[in-house]
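Colleague: I should be grateful if you would take me through this model. Please begin with a single residue and its surroundings, and then proceed to the larger elements.

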Amino acid sequence: MSVASWRIKANTLLTKSLPVDIIRKSVETSVYNWSVLNSKSVFEHKKKKCVVDRKNFARKQKLRLLHLYRQKMRSIVYNLETNDDFAKNVLENNVDLENISNLSPCDINPSLWFPIIEKRESRRLKIEKLNEQLNERLFPKNEYDNGLFKCDSCLKKNTQHVSFQTRGADEPETTYVYCVDCDIHWKA
Ligand SMILES: [Zn+2]
């Protein structure tokens, strides 16, 4: 099936959710332009390396364009048909139609995605806090001795260290150094 016949088919698919001709046309053109742009970007760097294989190159680019167009169009039709708010926003021109292919799932369906993103963010913060607490236990601030060791990575002396008796009592202590700037630690 050619790209042109897919564009006609897509227009029919969009009619149900977008009965307004000018808006439907804008959405379809936007998806087409997005697909052309993205099918090029993947192959642009390969083109230079492989001049001999021009014919094969053009064929692959066309297949890629068709693939991107169908995938994006399917996703937009699906969202328009299952998400009334999104369809309403498109019809009322509250969505930048030229940019419709670049919308994130959260832009398209905020009521579905916001709680998921919020949950993920709160989990990330929890893990971050836990890591901070662990670091604080390993390198308590009151035991810091600023600048005794030099960091091999940034070559500065903004370091803190702590010593442990890890082996037998007659063995020397093991010293762990922490670079505040690089957020790394190592055994001295
Ligand atoms: Zn450093």
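Modeller: This is a predicted model. Leaving aside residues up to four places away in sequence, Asn-109 touches Asn-83 and Phe-86.

Colleague: Where does Asn-109 lie with respect to the helices?

Modeller: Asn-109 belongs to a loop rather than to a helix. On one side of that loop stands α5, residues 105-108, and on the other stands α6. The place asked for is therefore the loop between α5 and α6.

Colleague: Is Asn-109 buried, exposed or partly exposed?

Modeller: A residue needs 20 or more other C-beta atoms within 10 Å to be buried, and 12 or fewer to be exposed. Asn-109 has 16 C-beta neighbours inside 10 Å, so the residue falls in between and counts as partly exposed.

Colleague: What distance separates the C-alpha atoms of Asn-109 and Asp-85?

Modeller: Along the chain, Asn-109 and Asp-85 are 24 residues apart. In space, the separation of their C-alpha atoms is 8.1 Å.

Colleague: In what order do the helices and strands follow one another from the N terminus?

Modeller: The chain contains 6 helices and 3 strands. Read from the N terminus, their order is α-α-α-α-α-α-β-β-β.

Colleague: Which residues of α3 are buried?

Modeller: Helix α3 covers residues 54-82 and has 29 residues. From first to last C-alpha it reaches 42 Å, close to the 42 Å expected at 1.5 Å a residue. Its buried residues are Leu-65, Leu-68, Tyr-69, Met-73, Ile-76 and Leu-80.

Colleague: How many residues of α6 are buried?

Modeller: Helix α6 has 29 residues and reaches 41 Å from its first C-alpha to its last, close to the 42 Å expected. This helix is hardly covered. The count of buried residues in α6 is 0.

Colleague: What share of the residues in the chain is buried?

Modeller: The chain has 188 residues in total. Of these, the buried share is 14%.

Colleague: Which strands stand at the edges of the sheet?

Modeller: The 3 strands form an open sheet with antiparallel pairing, in the order β1-β2-β3. Two of the strands have a single partner each, so one side of each is left without a neighbour in the sheet. The edge strands are β1 and β3.

Colleague: Which residue in β2 stands opposite Ser-163?

Modeller: The antiparallel pairing of β1 and β2 extends over 6 bridges. Opposite Ser-163, the residue in β2 is Thr-175.

Colleague: Which residue in β3 is the bridge partner of Val-177?

Modeller: Strands β2 and β3 are also paired in the antiparallel sense, over 4 bridges. For Val-177, the partner in β3 is Trp-186.

Colleague: Which residue in the hairpin of β2 and β3 takes a positive phi near 55°?

Modeller: The hairpin has 4 residues between its strands. The residue in question is exposed, because 8 other C-beta atoms lie within 10 Å of its own and the limit for exposed is 12 or fewer. It is a residue other than glycine, namely Asp-183.

Colleague: Is Leu-155 buried or exposed?

Modeller: Leu-155 sits in the loop between α6 (110-138) and β1 (159-164). Its phi is near 65°, a positive value in a residue other than glycine. Because Leu-155 has 7 C-beta neighbours inside 10 Å, the residue counts as exposed.

Conventions: Residues numbered from 1 in each chain as written. Predicted model: local features only at pLDDT ≥ 70, side-chain atom pairs only at ≥ 80, totals over all residues. Expected span 1.5 Å × (residues − 1). Pairing = 2+ DSSP bridges. Contact = placed C-beta atoms within 7 Å.
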